[in-house]
Amino acid sequence: MALGNLWRRKLRSFLTIIAVVIGAVAVLTLTTLVVTASSVFMKQLDAMGILTQVTVTPSNVEVQGPFGGGFMGDGEEGIKLDDTIIEKIEKIPHVVAVSGQTYVRGFKSVRLEGTEKKFSAQLQANHANKASDGTMVAGRNFLQGEKNKVIIGQWYAKKFGFEEKNIANIIGKKVIFTTEEGFSGYGVDLAQPPQEGNNKEWWEEQNKKTYDIEAEIVGVLMSGPGTDGPEIYITMDWAHDIMIRRWWEADGEAGKEQEKKGIYEPWPMIIVTEDELDKRGYGMLIVRADSTQTVVGVASDIEKLENLGLGTITPQDMLDELQKIFTVLGVILTAIGGISLAVASLGIINTMVMATYERTREIGVMRACGARRSTIRNLFTMEASLIGFLGGMIGVGILFGMVKIGNIYGNQFLEEQNIPLQNIIDPPLWLTLGVIGFTTIIGTIAGLYPAFRAARLNPVDALRHE
Amino acid sequence: MPIELQSIIKTYRMGSENFNALDGITATIKDGEFIAIMGPSGSGKSTLANIIGGLDTPSSGKIFVNKEDISRAWDRALSHYRNKKVGFVFQTFNLQPHYTALENVMLPLIFSKVRLRARKKKAVACLEAVGLGDRMKHKPGELSGGQRQRVSIARSLANNPEIIIADEPTGNLDSKRSTEIIALLKKLREEKNITLIIITHDMNIAHQADRVIYIQDGKIKKAR
């Protein structure tokens with residue numbers, strides 16, 4: 001009967017329902033957006049293995065920010081992160097693998113072979129194992145001990161002109177690093193100093209000398225938090241070689257005296273070698289736990305390890321931070337959508353109050369025919385709930401339509417970006433049911449006042465109403 | 001179903017003054033009787049009819065229907081009474097313009113929670129009883145005044161009422177249709193032993209009644 005009554009006033013019911021639909025769609029899309037963004041982020045993190053990853057820092061001094069950036073170099077307080085510590089951590093239960101991680105200095109710029117444009121080279125080294133393996137857009141992860149091989153981030157691939165569909169073509173291409181001036185590490189043989197005369201110029205020339213070092217691209221790492229910038233990855237083995245410093249030093253006291261005075265005379269010299277990585281240790285360690293459930297436990301075990309004072313960053317810290325951001329965002333956006341629902345509820349009240357005026361006589365007749373006050377009240381409440389319910393249903397229908405379309409374009413985009421995700425827009429069931437329930441309740445509440453008005457009408461007056 | 005009215009008073013507030021629309025009505029209506037209520041406009045005829053029909057309640061006094069006092073009854077009981085025992089016929093028909101004749105007749109049956117199939121069957125029977133078996137799918141707008149009043153009579157019959165209250169049922173009809181409608185009501189009353197209460201200005205109708213109650217200023221002036 002309620003449905004019939006709505007149908008009779010098609011246009012007005014339609015308009016009122018549309019208002020609810022708009023409100024519902026607003027709430028649904030905005031919330032879906034946040035939920036989708038959040039879930040895509042999680043999926044991506046999960047795919048990248050970040051959720052099972054613990055970052056170990058040399059000290060447990062708090063590091064601010066969700067990604068804890070800015071401490072990967074040296075100069076950090078605390079213990080030296082070296083292979084003995086790695087071995088100790090590897091023995092902790094639920095640890096799958098441990099990798100050192102460090103920035104590599106020595107290479108200044110990089111270009112693709114056959115091109116001229118140079119980019120600054122930011123190298124990060126990891127041990128080639130399960131702890132540091134990432135999700136590849138193209139190519140593969142490192143094998144143990146590989147040198148002269150690089151994995152590049154998508155940022156570089158794009159700069160080199162390889163994007164989306166042709167990204168796989170970059171695999172096997174060569175990049176050429178240009179070293180910093182006076183580089184003396186991997187691949188460099190220190191020239192023999194001249195044995196006669198004033199060699200100031202020769203030394204200065206040596207200190208300005210740069211070298212070109214070739215490397216093959218074996219993989220392109222998927223972009224994600226922390227890996228979407230200019231990053232080039234190499235193995236720790238190669239990093240060791242690159243970061244070995246060698247220089248000529250005077251052999252014996254007499255020579256050292258001269259050197260202090262800046263006199264470039266020939267004197268007996270020897271080559272001194274320093275392994276920088278051995279000396280300083282790794283910038284930090286990446287520990288892979290066997291599951292997302294054990295990751296927090298692993299982190300706390302590492303912190304307690306032999307009172308070394310190691311610091312850890314778990315995805316939990318990051319997730320908490322993210323969750324906060326997404327929750328706030330969700331509340332704000334849903335509230336904005338909620339405003340249109342509130343407006344829609346005013347529309348329902350208006351429609352139903354008008355209906356009680358117009359249908360006063362009808363109400364009188366129904367009362368004369370034996371309808372109770374409660375029957376009238378229920379009828380009007382039912383009509384209002386129905387407006388809310390239909391509005392919610394249609395809103396959800398529209399949402400699913402939009403999701404279909406959105407996913408078609410979304411999948412296309414994801415494919416082009418080589419992100420291995422599909423149908424990322426996935427409105428949760430609780431949201432759709434919740435919105436239908438919510439609009440129905442709003443309709444019911446909006447209908448209460450008009451319904452009580454209708455029920456209160458004196459049947460005699462109602463029948464006399466013109 | 002005998003109806004007994006005891007000193008019925010109905011007071012309305014008009015501005016700052018109280019006005020007694022009914023001022024001590026005492027009367028008895030016997031089971032199956034045909035009563036005509038007459039009186040000038042504003043004399044309280046309709047108020048009386050509404051109180052008998054359970055649409056309104058008296059300010060004081062008692063009204064016994066079948067020995068049961070309905071003057072202080074709750075909405076629930078009164079609604080049930082209107083639904084099951086009383087059929088109303090109005091001067092202006094009061095049909096739902098968007099419903100077909102059939103749907104209009106089915107309305108009271110909805111409130112007595114009759115199932116759809118039984119509801120239809122009963123409504124069809126009622127429409128046939130008033131001679132509108134061929135007009136069931138028509139909406140009131142497509143029917144003549146006489147036919148509309150027949151629909152409204154059919155509606156009043158839907159729940160097999162024991163009382164039919166017709167408030168100037170022929171007020172909007174020409175004399176030929178009036179005669180037909182009154183004849184129909186009388187026929188139904190005889191067939192089903194219904195107490196028939198008609199409010200009217202028409203002396204012809206009054207003459208056909210078993211009894212005439214004449215009301216003026218809320219009081220019974222004379223009764224025949």
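**Cores, a helix pair and two residue environments**

Good morning. I begin with B:Ile163, which, once neighbours within four places in sequence are set aside, is in contact with B:Met1, B:Ile3, B:Val65, B:Tyr81, B:Lys85, B:Val86, B:Gly87, B:Ile194, B:Thr195 and B:Ile197. Please bear in mind throughout that this is a predicted model.

A second core, separate from the largest one, has 57 residues, and its members include A:Phe119, A:Ile234, A:Met236 and A:Ala299. The largest nonpolar core itself holds 70 residues, and those touching the most other members are B:Ile52, B:Ile63, B:Ile163 and B:Ile197. Which element gives this core its largest share? That is helix H12 of chain A, residues 373–416, with 9 residues.

A few words on chain B as a whole. The chain has 7 helices and 10 strands. Of its 224 residues, 52% are buried. Among contacts in chain B with a separation of 6 or more, 70% are between residues 24 or more positions apart.

Let me now turn to chain A and its helix H12. How do the axes of H11(A) and H12(A) meet? Helix H11 of chain A spans residues 360–368, and its axis comes within 10 Å of that of H12(A), with a crossing angle of roughly 135 degrees. The two helices are therefore oblique to each other. The crossing in which H11(A) passes H12(A) is right-handed. On the H11(A) side, the contact is made by A:Ile363, A:Met366 and A:Arg367, while H12(A) contributes A:Arg373, A:Ile376, A:Leu379 and A:Phe380. Classified by residue type, this contact comprises 5 nonpolar and 2 charged residues, with no polar ones.

Just before this, in the loop between helix H10 (315–358) and H11 of chain A, we find A:Arg359. Is A:Arg359 buried or exposed? Its relative accessibility is 3%, so A:Arg359 counts as buried. Beyond its neighbours within four places in sequence, A:Arg359 is in contact with A:Asn5, A:Arg9, A:Leu379, A:Phe380 and A:Glu383. Two of these, A:Leu379 and A:Phe380, also take part in the contact of H12(A) with H11(A).

My final residue is A:Met269, which is located in strand S12 of chain A, residues 269–275. How far is A:Met269 from A:Asp251 in space? The C-alpha atoms are 4.8 Å apart, although 18 residues separate the two in sequence. With neighbours within four places left aside, the contacts of A:Met269 are A:Pro193, A:Trp203, A:Trp248, A:Glu249, A:Ala250 and A:Asp251.

Thank you for your attention.

Methods. Residues are numbered from 1 along each chain as its sequence is written. Chains are lettered from A and ligands numbered from 1 in the order in which they are written. This is a predicted model: local features need pLDDT of at least 70, side-chain atom pairs count only at pLDDT 80 or more; totals for chains, interfaces and linings use all residues. Side-chain values use heavy atoms; hydrogens and water are left out. A nonpolar core is a set of buried Ala, Val, Leu, Ile, Met, Phe, Trp, Tyr and Cys residues joined through side-chain atoms within 4.5 Å. Buried means under 20% relative accessible area, exposed over 50%, partly exposed in between (1.4 Å probe, protein chains only). Helices (H or I, at least four residues) and strands (E, at least two) are DSSP runs, numbered from the N terminus. Contact means heavy atoms within 4.5 Å. Axes are lines fitted to C-alpha atoms, for helices over the stretch in contact, and angles run from 0 to 180 degrees between N-to-C directions. Angles under 35 degrees count as roughly parallel, over 145 as roughly antiparallel, 65 to 115 as roughly perpendicular and the rest as oblique. A crossing is left-handed if the near helix is turned anticlockwise from the far one by less than a right angle, and right-handed if clockwise. Ala, Val, Leu, Ile, Met, Phe, Trp, Tyr, Cys and Pro count as nonpolar, Asp, Glu, Lys and Arg as charged, and the others, Gly among them, as polar.
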